[in-house]
Structures are given as C-alpha cells and as structure tokens.
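Open your viewer, get comfortable, and follow along stop by stop. At each stop you will get something to select and a short note on what is there.

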2 protein chains.
Amino acid sequence: MSQSPIDVLCIGNAIVDVIARVEDSFVARHGLVKGSMNLIDEARAESLYADMGQAIEVSGGSAGNTAAGVASFGGKAAYFGKVKADQLGVIYRHDMRSQGVKFESIAATEGPATARSFILVTPEGERTMNTYLGACVNLTTADIDEQTVGDAAVTYMEGYLWDRPEAKEAFKLAAKMSHAQKRRTSITLSDSFCVERHRDSFLDLIRNGIDIVFANESEIKSLYKTQSFDGALQAIRKDCAIAVLTRSEHGCVVVKGDETHALPAFPVAKVVDVTGAGDLFAAGFLFGFTRQMPLPACAQLGALAASEVISHIGARPEVKLNAHARAVGLL
Amino acid sequence: MSQSPIDVLCIGNAIVDVIARVEDSFVARHGLVKGSMNLIDEARAESLYADMGQAIEVSGGSAGNTAAGVASFGGKAAYFGKVKADQLGVIYRHDMRSQGVKFESIAATEGPATARSFILVTPEGERTMNTYLGACVNLTTADIDEQTVGDAAVTYMEGYLWDRPEAKEAFKLAAKMSHAQKRRTSITLSDSFCVERHRDSFLDLIRNGIDIVFANESEIKSLYKTQSFDGALQAIRKDCAIAVLTRSEHGCVVVKGDETHALPAFPVAKVVDVTGAGDLFAAGFLFGFTRQMPLPACAQLGALAASEVISHIGARPEVKLNAHARAVGLL
C-alpha cells in the first residue's frame with residue numbers, strides 16, 4: 001500500500017444516538033426483536049421517544065463510530081455523512097472534528113432533521129436500535145469527494161447505506177474511485193436483517209468491488225443462507241480477499257486466501273452496552289492494517305477497541321485508544 | 001405538614017449538560033479554576049466547545065437534577081425552568097416528563113437557544129462547569145404558577161437563579177406563595193462563587209424566607225466569611241430552621257435548632273464524575289422529608305443518591321433510586 005494522506009475514510013449514516021436503559025418488557029411491548037436494528041419513520045420515532053425514559057445523546061452512526069475509533073488510535077480518519085444544519089447536526093460535526101476526523105460533508109439546510117437512533121439498552125447490555133434516518137436521505141453521489149477517496153488508504157462503508165438507492169449509488173461510486181487510485185475498499189455487513197434485505201447485491205459487490213469484509217456471525221450466516229459458521233467462513237474465503245468475522249465473546253476469525261487466524265476476545269469486567277462493538281473492532285483492525293501490521297495483530301487491536309466500548313454506555317471510545325493499546329503492549 | 005398533591009417543586013436553570021473528559025492542562029489553558037461554575041457568553045461558549053473533545057449530552061441543571069432524583073425515589077416532583085422550542089429544549093422536556101416530573105413551563109419561541117453547560121471532567125472525577133444561560137434568561141415571575149407552588153409540600157430553588165434579577169424576583173415570589181399555603185421552602189447555595197456574589201441577599205433570604213438550606217462546606221464557609229466549618233455550622237443553626245451541610249466523602253451534618261446529626265458518606269467504588277452529587281443529595285433528603293422520616297434517615301437517602309450519581313458520567317440517576325434504597329434497607 002502506498003503512503004496516503006488519509007488512513008481510513010468512513011462513509012455512513014450520520015446519526016445521533018439517543019440511549020436509554022429499558023427493561024425487557026419495554027422491548028416486547030413495542031414489538032421489537034432484541035438486538036435488531038429497525039428503520040422507523042418520524043411518527044414511530046415520536047411515539048417511541050414519548051414512551052422512553054430519560055436518555056443521553058451521543059454522536060453515533062456505525063461508520064462514524066469507526067472513524068472516531070481510527071482517530072483515537074492515532075490514525076488519519078475522514079468521514080462522509082449527512083446531517084442537517086440544526087443543533088444535533090452541530091453536535092455531530094463537533095464530535096467528529098474534535099477527535100481529529102476530517103468531516104467536510106455539507107449540512108442540509110432543508111428537509112428532515114439530523115438522524116436519530118433510539119437505542120434501548122436492556123439489563124444484560126444488549127441493544128435494540130430504532131433509527132429515524134432524517135437528513136441521511138440527502139447523502140448522494142454529490143457527497144463523494146473524489147480527492148478524499150483517492151487520498152484514503154482504505155475507504156470503509158457501512159452496509160446500512162444499502163437501504164437507500166441514492167446512498168447505494170454513492171457507495172458504489174466511492175468504491176470505484178478508490179480502486180481507480182489503487183486503494184482498498186472495505187464494508188461491514190452491519191446487521192443480519194440488512195443482509196436479508198440485500199443479500200444478492202451484497203454478494204455481487206463483495207465479489208466485484210470489496211477487499212475487506214467485516215461481519216458478525218449472524219450476518220455472515222445470513223449472507224450465505226447457512227446455519228453453519230464454518231460453511232459461511234469457507235464461502236467468504238473464496239469471495240473476498242480478506243474477511244474479518246467477529247463472534248462477540250468468542251473472539252474473531254480472520255481469513256485471507258488459505259490463511260485462517262482465530263483470535264480470542266479481550267476480557268471485559270462487565271458488559272454495559274454492546275453498541276459500537278463491531279464498529280470499534282473495525283477501527284482497530286483497519287488502523288493496524290494501514291500500519292502494515294500482521295493480520296492477527298490487526299485483529300487484536302480490534303478486539304481491544306471493542307472491549308473498551310462495550311464497558312460503558314455509548315458507541316465511541318472514552319479513552320485514547322492509542323495510549324490504551326500501548327499500555328497493554330499491542331502498540 | 002399537610003398532605004399535598006406534589007412533594008417537591010424544583011425551580012432552576014434548565015440546562016443541557018455537554019460533558020467531556022479533559023486533562024488538567026485543558027482547564028489550566030482556558031484559565032479556569034477546577035471545581036468552579038462559570039457563567040459564559042455565547043462567544044466564549046463557542047470557543048470552548050471548539051476546543052473540547054467529543055462530548056455526551058445529558059439533561060442537567062441543578063434543580064432539574066433534583067426533580068429527576070425525587071421522581072426516581074417515587075416522589076411526586078414538579079419543575080419550573082425555561083428552555084427554547086429547539087431540539088435541546090425538546091430533549092430537556094422529554095427527559096423531565098419521562099421521569100414522571102410535571103414540567104409545564106412554556107418554551108420560549110424566540111431569543112437565545114436552550115442553555116448548555118460545558119462540563120469538563122478531569123481524571124479524578126472533579127468537574128468544572130461553564131454555563132451559557134441562553135433561554136434561561138426568559139424565566140420570570142410569569143413562570144411561577146401559584147397553583148403548583150401551593151400544591152407542593154416543599155418548593156426547592158437553586159442559588160444560581162440569584163444571578164439574574166428577573167429570576168431572583170421569580171424565586172422570591174415562589175417563596176412567598178409557598179409560605180402563604182403553609183408549605184416549606186428550601187434552597188441550595190449552589191456554588192461558593194455564587195455565594196460570594198450574593199452573600200448579603202442570600203443571608204437576608206435565609207433569615208426571612210427559607211426553611212431548609214443545603215450547602216457544601218465551601219459554600220457555608222463563604223456565606224459566613226469564615227475558615228471554620230464549625231463556626232459556619234453554629235451560625236447557620238441560628239439563621240435557619242434546618243441546614244443540611246454536605247462534606248463530600250466526609251459525609252454530612254444536619255442541624256435543626258439544638259439538634260446536630262453527623263452522617264457518613266455512602267461508600268463508592270470509584271468516583272467517575274461528581275456532577276450532580278449535591279443535587280441528588282438534596283433529592284434524597286427532601287424525599288425522606290416529605291415522607292416525614294427522621295432527619296438522619298433523610299440524610300442517608302441523600303447520601304445514597306449522591307453515591308449513585310458520582311459513580312457514572314452525568315448528573316441524573318441511572319437506576320431507580322426507590323428500588324436502590326429498598327435494596328440497601330433505607331426504605
């Protein structure tokens with residue numbers, strides 16, 4: 001990989017997380033499947049919020065969390081995502097830039113408000129997400145800045161973008177621009193229901209335009225319509241240069257051609273909120289990758305970052321991950 | 001005390017806390033005194049925010065935290081405070097009502113935005129506050145609903161209100177209305193610098209219109225311009241029916257006429273963020289007080305609530321305090 005002005009460019013839905021602790025009964029009463037991500041309209045957003053308890057607001061969004069994580073490791077990160085020019089949009093931009101993430105996407109001056117995801121955290125730390133996309137609907141190919149994509153060693157995108165045709169086009173354009181500059185592309189499959197909705201076109205993209213795929217166990221099984229993790233692992237090995245498969249407390253498996261690396265999870269005293277675990281895993285992995293570290297070392301950085309983010313409320317690191325990784329001997 | 005439809009009515013500045021962890025050097029670089037509360041204008045708010053790291057947003061405001069705490073104990077709480085009709089104002093109202101706090105103050109439709117306090121949390125858990133009052137400047141006597149004040153067993157106000165003449169008038173009016181219905185009035189001195197600014201008129205108010213005073217060690221010493229905690233304690237004994245003096249990890253002293261009750265602090269595994277400690281102490285104490293509990297028992301509830309809120313980021317309880325108090329045998 002050639003030297004690059006940006007290590008990782010992340011593209012995703014710019015969302016402010018509205019996080020509240022709830023009992024299992026709340027999730028059931030609203031007809032939600034625990035652990036899922038649901039897209040909701042404004043009316044549903046309002047009724048859910050009215051029934052939710054006191055919440056905290058934290059900038060989130062899957063790829064946004066990854067960008068913040070890469071920056072926290074000391075990497076050069078950039079972000080494309082759409083907010084509105086409202087108070088939550090100002091907060092979102094502040095939180096990105098204050099981490100050192102380059103974030104120049106122009107805020108929408110009309111249309112829906114900055115996106116929110118109502119995140120219900122049940123007692124065991126599991127999260128159920130209900131996302132109102134709001135201003136994210138304005139992210140289009142016009143927001144894909146060719147210079148920035150060309151400058152980035154890796155362009156990383158969240159599968160959630162696939163839910164809107166305009167964002168999907170933006171996503172494909174970015175992948176094309178990245179490869180034109182001999183850079184690498186990467187996606188996370190985001191959510192098993194998201195895979196369910198877009199299985200064929202995800203597979204097509206992975207086979208033809210993506211170098212590194214991130215997926216958790218249920219996502220990769222869904223992609224290949226199999227109940228066997230090993231079956232899915234063997235399938236992705238043929239379809240993609242590098243696949244990083246995360247398995248919560250069971251660690252992860254990285255496959256690259258004939259290579260297979262299984263790594264343990266990093267121990268956590270208490271799981272408080274799993275939101276952002278996958279996003280931060282990707283941040284650690286990609287940071288190591290852009291530093292030309294061996295794949296197992298990349299995975300260890302990912303596991304470390306994931307362990308930090310699940311030990312507190314919110315999907316962004318509360319400590320400087322670079323110092324944290326140095327303290328435990330990973331950097 | 002007669003039966004009342006509301007246990008505690010809290011009146012204060014309705015503020016959204018914007019909380020970030022910083023190093024000591026950040027506080028020094030901005031010329032701030034650690035542990036202080038500073039009133040800042042919009043320009044200063046913007047420059048401070050631009051230099052701050054990624055933050056979380058949580059509804060706060062001293063008396064607002066107390067109202068949320070009273071409700072969390074299962075008490076009937078109400079709140080008077082001014083937000084603007086903007087996104088942060090909607091969040092603030094949601095967070096109040098979702099706790100069961102009655103909050104009917106009308107949102108301002110023009111003028112400055114909903115207030116924010118930029119709270120810098122240094123590594124040991126101390127907090128330095130920088131408050132932009134924004135829409136709070138619109139709280140006036142017009143917001144003091146006589147019916148609600150008359151319905152409340154205790155009307156509790158934050159000393160911070162004293163910083164604006166219009167709010168001070170609102171404060172005095174509420175005290176008068178409360179006593180007209182044979183209800184009790186209470187204030188917190190809020191901050192030693194606040195006491196410094198308003199010493200004489202605070203003393204006048206305490207001697208003539210307040211039944212229960214809450215103060216920490218530096219506030220009560222400032223009130224009586226003394227270095228001696230015991231000297232201040234003996235002085236307040238003569239000036240007010242009940243004084244509740246909190247001393248961080250050294251517990252508290254409650255004085256009422258000739259009675260003196262010293263109670264220990266509740267042990268905390270790790271102090272994460274002291275924001276809200278005093279506010280939640282007041283919530284616990286006042287909840288017990290409106291339940292006719294003995295003063296030492298009221299203080300223990302206060303200590304318990306304070307211990308909960310300093311064990312995490314943010315100034316509102318993360319657990320139901322009623323259940324928490326039952327679990328440790330205090331209710």
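## Stop 1: a buried cysteine

Select Cys298(A), which counts as buried because 25 C-beta neighbours lie inside 10 Å. The cut-off for that word is 20 or more. Keep in mind as you look around that this is a predicted model.

Now colour helix H11 of chain A, residues 295–309, and you will find Cys298(A) within it. Which residues does Cys298(A) touch, not counting those up to four places away in sequence? Show Phe285(A), Gly288(A), Phe289(A) and Met293(A) to see them. For a distance exercise, pick the C-alpha atoms of Cys298(A) and Asp273(A): they are separated by 23 Å, with the two positions 25 residues apart along the chain.

## Stop 2: a partly exposed isoleucine

Next, select Ile40(A). Look for Ile40(A) in the loop between strand E3 (37–39) and helix H2 (42–51) of chain A. Ile40(A) has 18 C-beta neighbours inside 10 Å, so it counts as partly exposed.

Leave aside the neighbours within four places in sequence, and the contacts of Ile40(A) are Ala45(A), Leu48(A), Asn130(A), Thr131(A) and Tyr132(A). Try another distance here: the C-alpha atoms of Ile40(A) and Asp86(A) are 20 Å apart, while the two residues are 46 apart along the chain.

## Stop 3: a helix with two sides

Select helix H6 of chain A, residues 165–180. This helix has 16 residues and reaches 23 Å from its first C-alpha to its last, close to the 22 Å expected at 1.5 Å a residue.

Which residues of H6(A) are buried? Highlight Ala167(A), Ala170(A), Phe171(A), Ala174(A), Ala175(A), Met177(A) and Ser178(A). They sit on the same side of H6(A), because they cover an arc of only 165° around the axis. Turn to the other side of H6(A), and you meet Pro165(A) and Ala180(A), which are exposed.

To see what covers the buried residues of H6(A), bring in more of chain A: the cover includes strands E1 (6–11), E9 (152–158) and E10 (184–188), along with helices H5 (146–151) and H7 (192–209). Before moving on, step just past the end of H6(A) to Lys182(A), where phi is positive, at about 60°.

## Stop 4: the sheet of chain A

Show the strands of chain A as a cartoon. Nine of them form an open sheet with mixed pairing, in the order E6-E5-E1-E9-E10-E11-E12-E13-E14. Strand E6 (102–103) and E14 of chain A are at the edges with a single partner strand each, so one side of each has no neighbour in the sheet.

Start at the E6(A) edge. Strand E5 of chain A, residues 77–80, runs parallel to E6(A), and two bridges join them. Zoom in on Tyr79(A) to find its bridge partner in E6(A), Phe103(A).

Now travel to strand E13 of chain A, residues 252–256. Four of its five residues are buried, so E13(A) is largely enclosed by the rest of the structure. Visit the strands that pair with it:

- Strand E12 of chain A (residues 242–246) pairs with E13(A) in the antiparallel sense over five bridges. Val244(A) stands opposite Val254(A) in E13(A). Five residues lie between the strands of this hairpin, where Ser248(A) takes a positive phi near 50°.
- Strand E14 of chain A (residues 259–263) and E13(A) are also antiparallel, over five bridges. Here Val253(A) has Ala262(A) in E14(A) as its bridge partner. This hairpin has two residues between its strands, and Gly257(A) in the turn has a positive phi of about 55°.

## Stop 5: the nonpolar core

Select Val8(A), Val213(A), Val8(B) and Val213(B): they have the most contacts inside the largest nonpolar core, which has 219 residues. Nonpolar side chains tend to be buried together in soluble globular proteins.

Focus on Val213(A). Apart from neighbours within four places in sequence, Val213(A) is in contact with Ile187(A), Leu189(A), Ile206(A), Ile236(A), Cys240(A) and Ala243(A).

## Stop 6: where the chains meet

Finally, show both chains. Here 22 residues of chain B are in contact with 22 residues of chain A. On the chain B side, strand E4 (56–59) and helix H4 (87–98) are the elements that give two or more residues. H4(B) gives the most, with six residues. By class, this side of chain B has eight nonpolar, eight polar and six charged residues.

For your last view, select strand E4 of chain A, residues 56–59, together with E4(B): they pair in the antiparallel sense over three bridges. Find Ile56(A), and opposite it in E4(B) you will see Val58(B).

Conventions. Residues numbered from 1 in each chain as written. Chains lettered and ligands numbered in written order. Predicted model: local features only at pLDDT ≥ 70, side-chain atom pairs only at ≥ 80, totals over all residues. Buried ≥ 20, exposed ≤ 12 C-beta atoms within 10 Å, placed from the backbone. Contact = placed C-beta atoms within 7 Å. Nonpolar A, V, L, I, M, F, W, Y, C, P; charged D, E, K, R; others polar. Pairing = 2+ DSSP bridges. Expected span 1.5 Å × (residues − 1). Arc of directions from axis to C-beta. Core = buried A, V, L, I, M, F, W, Y, C linked by C-beta atoms within 7 Å.
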